[in-house]
There are 6 protein chains.
Amino acid sequence: MSNTIGTAPADHVRTARGSGISTFMGLQNTRDLVGVDAAIFGIPFDSGGTPGTRWAPRLIRDASSLLRPAHAWHRLEIFSKINVVDYGDVSVQPPMVERSLDGIDATTSEIVAAGTLPIGIGGEHGVTLGELRAVGRDSPVSLIQFDAHTDTYDVYYDDVRYTAGTPFRRAVEEGVVAADRSIMIGLRGSVYTDRDFDDARDLGYEIITAEEVADIGPAAVAERIRARVGGSRTFLTFDIDCLDPAHAPATGTLELGGLTTREALAILRRLTGIDFVGFDLVEVNPAFDGARITAVAGATMIFEFLALVALMKTK
Amino acid sequence: MSNTIGTAPADHVRTARGSGISTFMGLQNTRDLVGVDAAIFGIPFDSGGTPGTRWAPRLIRDASSLLRPAHAWHRLEIFSKINVVDYGDVSVQPPMVERSLDGIDATTSEIVAAGTLPIGIGGEHGVTLGELRAVGRDSPVSLIQFDAHTDTYDVYYDDVRYTAGTPFRRAVEEGVVAADRSIMIGLRGSVYTDRDFDDARDLGYEIITAEEVADIGPAAVAERIRARVGGSRTFLTFDIDCLDPAHAPATGTLELGGLTTREALAILRRLTGIDFVGFDLVEVNPAFDGARITAVAGATMIFEFLALVALMKTK
Amino acid sequence: MSNTIGTAPADHVRTARGSGISTFMGLQNTRDLVGVDAAIFGIPFDSGGTPGTRWAPRLIRDASSLLRPAHAWHRLEIFSKINVVDYGDVSVQPPMVERSLDGIDATTSEIVAAGTLPIGIGGEHGVTLGELRAVGRDSPVSLIQFDAHTDTYDVYYDDVRYTAGTPFRRAVEEGVVAADRSIMIGLRGSVYTDRDFDDARDLGYEIITAEEVADIGPAAVAERIRARVGGSRTFLTFDIDCLDPAHAPATGTLELGGLTTREALAILRRLTGIDFVGFDLVEVNPAFDGARITAVAGATMIFEFLALVALMKTK
Amino acid sequence: MSNTIGTAPADHVRTARGSGISTFMGLQNTRDLVGVDAAIFGIPFDSGGTPGTRWAPRLIRDASSLLRPAHAWHRLEIFSKINVVDYGDVSVQPPMVERSLDGIDATTSEIVAAGTLPIGIGGEHGVTLGELRAVGRDSPVSLIQFDAHTDTYDVYYDDVRYTAGTPFRRAVEEGVVAADRSIMIGLRGSVYTDRDFDDARDLGYEIITAEEVADIGPAAVAERIRARVGGSRTFLTFDIDCLDPAHAPATGTLELGGLTTREALAILRRLTGIDFVGFDLVEVNPAFDGARITAVAGATMIFEFLALVALMKTK
Amino acid sequence: MSNTIGTAPADHVRTARGSGISTFMGLQNTRDLVGVDAAIFGIPFDSGGTPGTRWAPRLIRDASSLLRPAHAWHRLEIFSKINVVDYGDVSVQPPMVERSLDGIDATTSEIVAAGTLPIGIGGEHGVTLGELRAVGRDSPVSLIQFDAHTDTYDVYYDDVRYTAGTPFRRAVEEGVVAADRSIMIGLRGSVYTDRDFDDARDLGYEIITAEEVADIGPAAVAERIRARVGGSRTFLTFDIDCLDPAHAPATGTLELGGLTTREALAILRRLTGIDFVGFDLVEVNPAFDGARITAVAGATMIFEFLALVALMKTK
Amino acid sequence: MSNTIGTAPADHVRTARGSGISTFMGLQNTRDLVGVDAAIFGIPFDSGGTPGTRWAPRLIRDASSLLRPAHAWHRLEIFSKINVVDYGDVSVQPPMVERSLDGIDATTSEIVAAGTLPIGIGGEHGVTLGELRAVGRDSPVSLIQFDAHTDTYDVYYDDVRYTAGTPFRRAVEEGVVAADRSIMIGLRGSVYTDRDFDDARDLGYEIITAEEVADIGPAAVAERIRARVGGSRTFLTFDIDCLDPAHAPATGTLELGGLTTREALAILRRLTGIDFVGFDLVEVNPAFDGARITAVAGATMIFEFLALVALMKTK
């Protein structure tokens, strides 16, 4: 493990919560990635979909002050295993979607080029395409997608191709995702046609609906995910709307019958041994998060990602 | 299936969500019922109970813009099977309860007379009595009641007979509901006396408490409901407080330990093959619905009703 | 005055507030403009600026149920003087700004072509450019702009020309607004450079800052506006952020020290005798309008516009 | 001055704010009125008008914990001059309006019979009729009405006579108010017809509109009020909607252009020397009072009433 | 059972909900404990931890107006079995922690000395130490702790010993809790070190993590609790954050993956036959409780405590 | 003027608002003060008073993203005149008041020692004592205090000397403030005794009540302030509750009848020519700031301070 720079999170046994410039868990804000294992960065962009999600990186960073550095279930002191920094935000230009995707790609590529694992905080789900380009350009990645929706539509308004509803069709067309090693978890809800899920399957994706998650349980879900991606390079994207509205009320496209946070945590914690090359957390909409439970859910998912990184780096 | 008039919901692949006058799912607002299978109508009345629920029809119509036209679980394109319109609202006169019940009865009767299935959006639970009179006057209907409470009290304040707490006693007294073919699901909570549930049983109702739902599971609950109502003409009333406060925080009489939306959906989806003559959704209180999850829950339940209607009409 | 169609607003002496499909003041929703003096329409578009304002047309329509049909100060029964309808919404395609401006132009042009006065409800302020094209294409209009900001910037992100910050420079460049007959009221706040207001003046606009409004009072402000536009064809655009945050908290770019609603009403009521060809009300952001005071402010401004139309049509 | 019982408010120099059972300013909750100068009581009733205002007495009591016992402007230690208690609430039976008016009358009469001045906290404005019957039955009282609306309509829904919109017509008809010694302050807004204010004048009321308050200033308003009521027995009713929505967002019928709290305080403080026989504060709607500023406004107005009582009792 | 004094809760069949001075369930507010089985009292103190929880006793009392007097699951009319009063609040002096703990101890001791069972409403979790001193001074009690956290840290800021994070280490050190008969339920989340739970075990506590609750189910959890405390004198402390954020969003330290209210109720209801000497409910933070579901959860837990007391007193 | 380091605020013409780590106006976060004219720092401490204000520095930094770099009224490009940085936060240890005051003093002293002007963001008003010690230790400063309250009480709870209600008595006793050159603006409200204001005057302070501000107007107020402090070294403390609740709803001790933001801005802008040695902005309570208008008010006041600094440095 690399470790010479100061990347400890804020210590709330010594300073009060809420103190200090708001970075993720109080980690150092820097663009210097020497010796850094993972870099968290914000993608404050929402023009391709849910208006308001551009404010999520700030809210999730703020909510992350509730997190403590060790993981009880894994019995793991994350920050003694890996160096993590807060890389700041991608510069985006709303409502210019394609230009902003280039910016997301560029920032993610900088992180990847440093040998650091990128962890993005959206923003609407369209931003993931920019990250996937950065990690999958040379060789397509496997995708683990937690989501209520496939986001594999073709176009909106007859010819609009880059939106929050289309990234995972574009990613296959662009060759940055290998759908035959990829899987979607948590799909449900009202859909546009009776073939919505079949359209995703036709692209090559495997699907576990929310109803199936309830039927087979988290451990079996995790097993199917691990079997699907095997030892391949893998990107995990977590759309907060895979969670039930009771657990994540502040999102743009609420769908009843989603995963509980208990189920989501139980799945994520069993995804050890995968060769992760990136993560993101998207679709938190601060305007509806009165009690901040969605932001805390988002921050906690990132905490879970960090635990997986720590386990991966120290295996 | 009848189909000549324009009853498609708004198409959010072509126009942005939130566009257009707010009707349920963007359906046509009309009082012309020729060829219409189901008519959704609002009952903005709350004088018999929870103040504020009078604003629910508007909020639920607004929230319904999140719904898409096909049902993934049933694999069903609802609006290619049935014609549905938004009939507008009953004219009510708060705080005149009995006069308003007459208005609810009259509007429901208009819909029924056109051979159209009525789907009401309350208001407080007392409004259901008006609808039951319309569908059960000639012959008593069976009742499927999702609720935290029996609503079979006799009087409030010594002699007030028409309130949100009394409709299902009145309905039996008036001969519009056949309690011996009826069933209540989700009862729980603190009660007035240790005989509250027995009072409902004495009227003839069968009861499945929320604790029993948890114990036996949704499939078994659906089976008991189907066995209870058999092939009889049936009205389904869904009090949003049958759901747990985590899933439906915006209601007047919160009771812990309720159904999850996952359970409610799983039960509703299995109620196929029943001869439904009407539905309603009541007790959403907009003032407490910051993130709109209760309104979305209400709108989704109506979406589930529509799927049941589509399956019934096309069987 | 024309008057054969049914254009009375909802009568809340006879039906409860909040009853009925939500149109502006309960006016008829129709695209038939024969004999119609003014048509209110929504422009649910926010991609050029403040995310979330796309939901304002629905909220303002809902809030308008608090309004009654007569104007106490003018002693005027508006709807016995003019026919008004709710025309529904423009079809927009976020985040496609230029295409959506075309749609706004087209819908406004339809209304204008029918000899009906258009009253738009935005959306962010960029939408006004579409309306100005429709009313000013043949001959440039005078502009009365209530606003905290000039919205005459040139570009954002080096080359983005159509945003909420640029419409009133574009309108001059396109020849649809005659700046030398136009005036801005309420400017204030922090600005990009010390020449922001001078830039607007250089385009030809007259400016009354918020501080000047406080100094000279509403009657003098109204007099300067009337002197400026004279007898020319005039469009009035009301950005809700011209009001102080205390009076309009739910907007995207809060600026302290704005007009009180008392001042705004006192100015608007004195703008009689002007040849208005259109109005709009923009930049209400529903997500921050907990107590709905901003939406009610917006709805009331439209009510004031209607009074001006009624006085103009009956002069 | 009488003073043997313990009627000191909570002392927040010695115990923390928010401590203790929630009574108005922490005053003793008792029905024993021996030696008591003024009794505050709640009227949690809203069936005749604004749903939700039934919760206001509790919220206003809670908000009153911000108040301190002395009045800076009057330089007056109120509770060393007068004994005040919290009498609890009237027992009401929603939605039974007439029966509840009887209860309000009865409770108010108990307080009056003890020689104690009643200070009611509504509830919607219809409750004032019950109080006026208690104080005006033997001899009609003068009325000082702070309000955005006349509340002198005749009927709603053709024949409903007791609502939040009708009490001050009923009070004249019943002979409990002498309109020719009475005055309304703050009227404004959209109205039902162009004769709404004239209808109130025809009943005998004098009117000062909100626009006139702005024009002549608080001192002149107070002078006109004092001239109007002279030395007669006077009841002051304060509908919180006389204030501007910026100052009182949480009420049922928001009207722009209302009084500022600065103006309202300046008027109230100058109403010394009047023979008050009762007060009330109505139409606070807690559901919309996120930051509690309306409740604090309501509590402060009651504090101002108490100062007037103290000055009256010690003159 | 003792029963001569008037300790019935408010009867909402006869008076409207929300009527009357706000005490717990409308119980009599008195410091006279003769014949009283249980006394509910508030501890409005938050200086040792979560700012804002000082307002919880008022909110929970208000929310308790939704509760009815009988318990459906136990089939038990609680208030015909036991006498309960609302004792008011402890006098606290923020930010003086140690002095306030003395006050909490003193008030609790008064109640205990009267032979009455104390039921406290916090406040942050540090207040429990004051209560434990009162019940455990003569002989250490067993502790049943529902919580997301151990609250057994040693010091904050190097030497601050009395905080919301430390009471259950202090209680063992002071000899007022017997850790070897005590048990914590619901622990989870991010922690300070990988030994956080071991530190609590080293003090002698048994632990059932939230994940274990999900695995073994409520009945087995209840069985382990009963086995642990046996026939010993037992205090039950319920930190609302043991519940999942979906069920209790308004608390200071949200942790995903917590107990559902269904699970918590199912456990509590099975804790019959234990010799309880006190209860408390802590860490509700009103500022984040928009829809009041956390306050209702808190009030309901107290209702469940009362049922256990009634069963214990009548066994 | 010094200017070599990069201290430009974020440029929202080039990057979207809300992008980037949240510092005040996007200024550089650094502890390097070489060449820095003013340093903004947070004081997230609330144990001496209003719980929740500890979160204000983060919220105000976030809200400051609405500000632009130039000042329209002064016609001043602030950041081309002075170098400003965001210094981060003081490390505080709640609830340890005296220890935290030492920390505030130490951090402020660091800034002062670098020849940089300190601008603090509280926190409750008690924090100002720490800052005053840093700037007034060697020689007492003059104080300009915008506030609803004197905050010159002696003790709470008999002997607690350091609270939000006492700093300006302590400051005189400690010799860090020269009361005879100091002035309080905006006092009003209910008070503890009829001598509250006299107590402050007895200490030497001059007072302008809120009622006097309304009477004499902002220009005269500014003149009195300037006359009072003359050419002496001056600290300006701005308690957000000097503003009316309509303009600053999110604060701990709401008092009606406060200053409008228009008045406050008009006063501040006229305080040129004073020898300022420090500023702070205190008592914003984020939990009640739904629409963020209070945070924006707070951020704007700091913007006004910066303009005064720029004018002072360039005079």
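The following exercises, each with a worked solution, concern a predicted model.

**Exercise 1. Symmetry of chains A and B**

Determine which relation holds between chain A and chain B, and which C-alpha of chain B is nearest the axis.

*Solution.*
- Step 1. Two copies of a chain are related by a rotation about an axis and a shift along it.
- Step 2. Laying chain B on chain A takes a turn of 120° and a shift of 0.0 Å along the axis, and the RMSD is 0.0 Å.
- Step 3. This is the relation of a three-fold axis.
- Step 4. In chain B, the C-alpha of Ala246(B) is nearest the axis, at 3.0 Å from it.
- Step 5. Of the interface residues of chain B, only 3% are also interface residues in chain A, so the copies meet through different surfaces.

**Exercise 2. Chains without contact**

State how far apart the closest C-alpha atoms lie for chains A and D, and for chains B and F.

*Solution.*
- Step 1. Chain A and chain D have no contact, and their closest C-alpha atoms lie 11 Å apart.
- Step 2. Chain B and chain F likewise have no contact, with closest C-alpha atoms 11 Å apart.

**Exercise 3. Aromatic residues**

Classify the geometry of the pair formed by Tyr153(F) and Tyr156(F), and decide whether each residue is buried or exposed.

*Solution.*
- Step 1. Over all chains, the structure holds 36 aromatic pairs.
- Step 2. In the pair of Tyr153(F) and Tyr156(F), the ring centres are 6.2 Å apart and the planes make an angle of 85°.
- Step 3. Planes over 60 degrees apart count as edge-to-face, and the pair is therefore edge-to-face.
- Step 4. Buried means under 20% relative accessible area. Tyr153(F), at 15%, is buried, and Tyr156(F), at 12%, is buried too.
- Step 5. In chain A, one aromatic cluster is formed by Tyr153(A), Tyr156(A), Tyr157(A) and Tyr192(A).
- Step 6. Tyr192 also takes part in arrangements across chains: Arg68(A) lies over the face of Tyr192(E), 5.0 Å from the ring centre. Arg68(F) lies over the face of Tyr192(C), again at 5.0 Å from the ring centre.

**Exercise 4. A sheet shared by chains A and E**

Establish the strand order of the open sheet that contains S2(A), and identify which strands stand at the edges.

*Solution.*
- Step 1. Strands of a sheet pair through backbone hydrogen bonds, either parallel or antiparallel.
- Step 2. The three strands follow the order S3(A)-S2(A)-S8(E), with antiparallel pairing.
- Step 3. The edges are taken by S3 (76–77) of chain A and S8 (190–191) of chain E; each has a single partner strand, so one side of each lacks a neighbour in the sheet.
- Step 4. S2 (residues 70–71) of chain A is joined to S3(A) by two bridges, and His71(A) stands opposite Leu76(A) in S3(A).

**Exercise 5. Salt bridges between chains**

For Glu211(A) with Arg269(B), Arg58(C) with Asp62(B), and Asp159(B) with Arg99(D), locate each residue and give its exposure.

*Solution.*
- Step 1. Side chains of opposite charge can pair when their charged atoms come close. The structure holds 136 salt bridges over all chains.
- Step 2. Glu211(A) and Arg269(B) meet at 2.8 Å, N to O. Glu211(A) lies in helix H7 (residues 210–216) of chain A and Arg269(B) in the loop between helix H9 (261–268) and strand S11 (275–282) of chain B, so the pair joins two chains. Glu211(A) is partly exposed at 23%, whereas Arg269(B) is buried at 8%.
- Step 3. Arg58(C) and Asp62(B) meet at 2.7 Å, N to O. This pair runs from helix H1 (residues 56–63) of chain C to helix H1 (residues 56–63) of chain B, and both residues are buried.
- Step 4. Between Asp159(B) and Arg99(D), the closest N and O atoms are 2.6 Å apart. Asp159(B) is in the loop between strand S6 (142–146) and helix H5 (167–173) of chain B, and Arg99(D) is in helix H3 (residues 97–113) of chain D, so this pair also joins two chains. Asp159(B) is partly exposed at 44%, as is Arg99(D) at 29%.
- Step 5. A salt-bridge network links Arg75(A) with Arg195(E), Asp198(E), Asp199(E), Arg201(E) and Asp202(E).

**Exercise 6. Packing of helix H6 in chain C**

Identify which residues of H6(C) are buried and which elements they pack against.

*Solution.*
- Step 1. In H6 (residues 196–203) of chain C, the buried residues are Asp196(C), Phe197(C), Asp198(C), Ala200(C) and Leu203(C).
- Step 2. These buried residues pack against helix H5 (167–173) and strands S7 (183–187), S8 (190–191) and S9 (206–209) of chain C.
- Step 3. Just after H6(C), Gly204(C) has a positive phi of about 120°.

How values were computed: Residues numbered from 1 in each chain as written. Chains lettered and ligands numbered in written order. Predicted model: local features only at pLDDT ≥ 70, side-chain atom pairs only at ≥ 80, totals over all residues. Heavy atoms only, no water. Least-squares fit on C-alpha atoms with pLDDT ≥ 70 in both. Contact = heavy atoms within 4.5 Å. Phe/Tyr/Trp six-rings, centres within 6.5 Å; stacked < 30°, edge-to-face > 60°. Buried < 20%, exposed > 50% of the residue type's maximum accessible area, 1.4 Å probe, protein only. Lys NZ or Arg CZ within 6 Å of the ring centre and 35° of its normal. Pairing = 2+ DSSP bridges. Helix = DSSP H or I, 4+ residues; strand = E, 2+ residues; numbered from the N terminus. Salt bridge = Lys/Arg side-chain N within 4 Å of Asp/Glu carboxyl O.
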